Amino acid sequence: MTKGFHRSRTILHPTNETLVMYKTCLELLDEHFAGEPARQLSVRISNLDRKHSIQLDLFDERKPQRQLIGPTMDAIRNKFGSTAILRAVSFTGAGTAINRDRLVGGHLA
């Protein structure tokens, strides 16, 4: 088991989009995580923006829709439970979200 790693990245354009943050974390893990068991993984992202602000971009027509998707998904999960909306991978053999939802403090409920 390795001790782990700590990495950070500054996003080029200020954002509060959940998917941009998620993709940035995946990039850091792909670049620096060897896939071995580790005690701690720390990822830090900077150049994030406030919840109610938007960085305008003349060439990105879908940005307003993407700004709404994160809070909308959070509202659905808050109302109907954490497994109300999942990524498709969660329904494959590699998915863990459904099984993790059944655990309490890491143990079977």
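**Questions about a predicted chain**

Modeller: The chain has 3 helices and 4 strands, where helices (H or I, at least four residues) and strands (E, at least two) are DSSP runs numbered from the N terminus. This is a predicted model, in which local features need pLDDT of at least 70 and side-chain atom pairs count only at pLDDT 80 or more, while totals for chains, interfaces and linings use all residues. Residues are numbered from 1 along each chain as its sequence is written, and side-chain values use heavy atoms, with hydrogens and water left out.

Biologist: In what order do the elements of the chain run from the N terminus on?

Modeller: The elements to be placed in order are the 3 helices and 4 strands. Read from the N terminus on, they run β-α-β-α-α-β-β.

Biologist: What percentage of the residues of the chain count as buried?

Modeller: A residue is called buried under 20% relative accessible area, exposed over 50%, and partly exposed in between, with a 1.4 Å probe and protein chains only. Of the 109 residues of the chain, the share that counts as buried is 13%.

Biologist: Which residues are joined by salt bridges into one network?

Modeller: A salt bridge is a side-chain nitrogen of Lys or Arg within 4 Å of a carboxyl oxygen of Asp or Glu, and by this rule the count comes to 2. In one of them Arg-9 pairs with Glu-27, with the closest N and O atoms 3.1 Å apart, and this pair links strand β1 (residues 2–15), which holds Arg-9, to helix α1 (residues 18–32), which holds Glu-27. In another, the side chains of Glu-31 and Arg-9 meet at 2.7 Å, N to O, and because Glu-31 lies in helix α1 and Arg-9 in strand β1, the pair ties together parts that are 22 residues apart in sequence. Sharing of partners between salt bridges makes one network of Arg-9, Glu-27 and Glu-31.

Biologist: Is Arg-9 buried, partly exposed or exposed?

Modeller: Its partners can be set beside it: Glu-27 is partly exposed at a relative accessible area of 40%, and Glu-31 is partly exposed at 48%. For Arg-9 the relative accessible area is 23%, so the residue counts as partly exposed.

Biologist: Which element gives the most to the nonpolar surface patch?

Modeller: Patches are made of residues with over 30% relative accessible area and no salt bridge, like charges being joined within 9 Å and nonpolar side chains (Val, Leu, Ile, Met, Phe, Trp, Tyr) within 5 Å; the areas come from the Shrake-Rupley method with a 1.4 Å probe, and for residues only the protein chains shown count as cover. Here a nonpolar patch of about 320 Å² is made by Leu-19, Tyr-22, Leu-26 and Ile-69. With 3 residues, the element that gives the most to the patch is α1.

Biologist: Which residue has its charged end over the ring of Tyr-22?

Modeller: Tyr-22 belongs to helix α1 and is partly exposed at 37% relative accessibility. A charge sits over a ring if NZ of Lys or CZ of Arg is within 6 Å of the ring centre and within 35 degrees of the ring normal. At 4.1 Å from the centre of the Tyr-22 ring, the charged end is that of Arg-87.

Biologist: Which residue has a positive phi although it is not a glycine?

Modeller: Most residues other than glycine have a negative phi. The residue in question has a phi of about 80 degrees, and its place is in strand β2 (residues 38–48). At 29% relative accessibility it counts as partly exposed, and it is Asn-47.

Biologist: How far is the backbone nitrogen of Glu-17 from a polar atom of the side chain of Thr-15?

Modeller: Thr-15 is found in strand β1 and is buried, with a relative accessible area of 5%. Between a polar atom of its side chain and the backbone nitrogen of Glu-17, the distance is 3.0 Å.

Biologist: What separates the C-alpha atoms of Ser-46 and Ile-11 in space?

Modeller: Ile-11 is found in strand β1 and counts as buried at 10% relative accessibility, whereas Ser-46 is in strand β2 and counts as partly exposed at 21%. The two residues are 35 residues apart along the chain, yet their C-alpha atoms are separated by 6.2 Å.

Biologist: And what separates the C-alpha atoms of Pro-14 and Asp-49?

Modeller: Pro-14 also has its place in strand β1 and is partly exposed, with a relative accessible area of 24%. Along the chain, Pro-14 and Asp-49 are 35 residues apart, and their C-alpha atoms are separated by 5.5 Å.

Methods. Polar contact = N/O pair within 3.5 Å; in protein donor to acceptor, adjacent residues only side chain to side chain.
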